[in-house]
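Colleague: I am new to this entry and would be glad to be taken through it step by step.
Modeller: Gladly; please have the view open while we talk.

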Amino acid sequence: MADYDNVPVLTTRREDAMGFFAEKISKGLGWARKYSLFTYPYATACCGMEFMSLSSARHDIARFGAEFPRFSPRQADMLMVIGTINLKQAPILKRVYEQMCEPKWVVAFGVCASSGGFYDNYAVLQGIDRIIPVDVYIPGCPPRPEQVLDGLRLLQDKIGNQTHRIGHGGSAPHDLVAGTYGLRK
Ligand code: SF4
């Protein structure tokens, strides 16, 4: 440890004031972003039925500010991966993720997306976190809509507590985990 590591950090009143306003702006942006999520539903299998249930009147994801499905990745900031992802689809999923604008978040919906589920074989990706970063994992085969809403609330808490800045993506750049399956650039 160097000597200067023990020296207390001195800030000027101007820096204090700027830090105060930056924190308020960050909180405001976090609050706005967490209640205006535009979902890209990447649905491939049976979990898609649960997504339909989640979006319809009984469970009504609109109550949580995440009701807009967008079918262009450039208009979405929350990627919901819903169902089994096989190795042929993995590069497509990765490209969809890369086409989304920052800041963006990823939800693994069900055990197939989270870990490959019971498809422990050569054709299925054993969890989407092998190719893209995941913010929230939702267990279940399929998960109940209440579980998905619980996962959404977790994600919203996470977004609210992140640092957001004007004119910047908001969260730290994601470090893609793409070492397997030849998907690293
Ligand atoms: S988790 Fe279960 S319900 Fe969902 S896609 Fe996999 S097998 Fe189907």
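## Confidence and overall fold

Modeller: This is a predicted model, and its chain has a mean pLDDT of 86, with 85% of the residues reaching 70 or more.

Colleague: Over which residues does pLDDT stay under 50?
Modeller: For the stretch in question the model has 25 contacts beyond four places in sequence. Where pLDDT is low, however, the predicted coordinates should not be read in detail. The stretch to treat with this caution is residues 170–185.

Colleague: What pattern does the chain follow when read along the sequence?
Modeller: The chain is made up of five helices and five strands. Taken in sequence, these elements give the pattern α-β-α-β-β-α-β-α-β-α.

Colleague: In what order do the strands of the sheet lie?
Modeller: The sheet is an open one built from five strands, and their pairing is parallel. At its edges stand β2 (68–69) and β5 (136–138), each with a single partner strand, so one side of each is left without a neighbour in the sheet. Read across the sheet, the order is β2-β1-β3-β4-β5.

Colleague: How many bridges join β3 to β4?
Modeller: Strand β3 covers residues 78–82 and strand β4 covers residues 105–109, and the two run parallel. One bridge partnership links Leu79 with Val106 in β4. The number of bridges joining β3 to β4 is five.

Colleague: At what angle does helix α5 run to β5?
Modeller: Helix α5, which spans residues 145–161, lies across both β4 and β5. Its angle to β5 is about 170°.

## Individual residues

Colleague: Is Val106 buried or exposed?
Modeller: Val106 is found in strand β4, and its contacts outside the neighbours within four places in sequence are Leu79, Val81, Tyr97, Ile132, Pro133, Val134 and Asp135. One of these, Pro133, is 27 residues away in sequence, although the C-alpha to C-alpha separation from Val106 is 7.0 Å. Because Val106 has 24 C-beta neighbours inside 10 Å, where 20 or more are required, this residue counts as buried.

Colleague: Which residue is joined to Glu102 by a cis peptide bond?
Modeller: The omega angle of this bond is about -5°. The partner of Glu102 lies in the loop between α3 (90–99) and β4, and the residue is Pro103.

Colleague: What is omega for the peptide bond from Cys141 to Pro142?
Modeller: Pro142 is found in the loop between β5 and α5, and both Cys141 and Pro142 are among the residues surrounding the ligand. The bond from Cys141 to Pro142 is cis, with omega near -10°.

Colleague: How does Asp60 count in terms of exposure?
Modeller: Asp60 is found in the loop between α2 (47–55) and β2, and has a positive phi of about 50° although it is not a glycine. With 13 C-beta neighbours inside 10 Å, Asp60 lies between the cut-offs of 12 or fewer for exposed and 20 or more for buried, and therefore counts as partly exposed.

## The ligand

Colleague: How many charged residues are in the shell around the ligand?
Modeller: The surrounding residues include Ala45, Cys46, Cys47, Gly83 and Thr84, and also Gly110, Val111, Cys112 and Gly117. By class, the shell has seven nonpolar and four polar residues. The count of charged residues in the shell is none.

Notes:
Residues are numbered from 1 along each chain as its sequence is written. This is a predicted model: local features need pLDDT of at least 70, side-chain atom pairs count only at pLDDT 80 or more; totals for chains, interfaces and linings use all residues. A residue is near a molecule or strand if its C-beta atom, placed from the backbone, lies within 6 Å of it. Ala, Val, Leu, Ile, Met, Phe, Trp, Tyr, Cys and Pro count as nonpolar, Asp, Glu, Lys and Arg as charged, and the others, Gly among them, as polar. pLDDT is the predictor's confidence in each residue, from 0 to 100. Two residues are in contact if their C-beta atoms, placed from the backbone, lie within 7 Å. Two strands pair if DSSP finds at least two bridges between them. Helices (H or I, at least four residues) and strands (E, at least two) are DSSP runs, numbered from the N terminus. Axes are lines fitted to C-alpha atoms, for helices over the stretch in contact, and angles run from 0 to 180 degrees between N-to-C directions.
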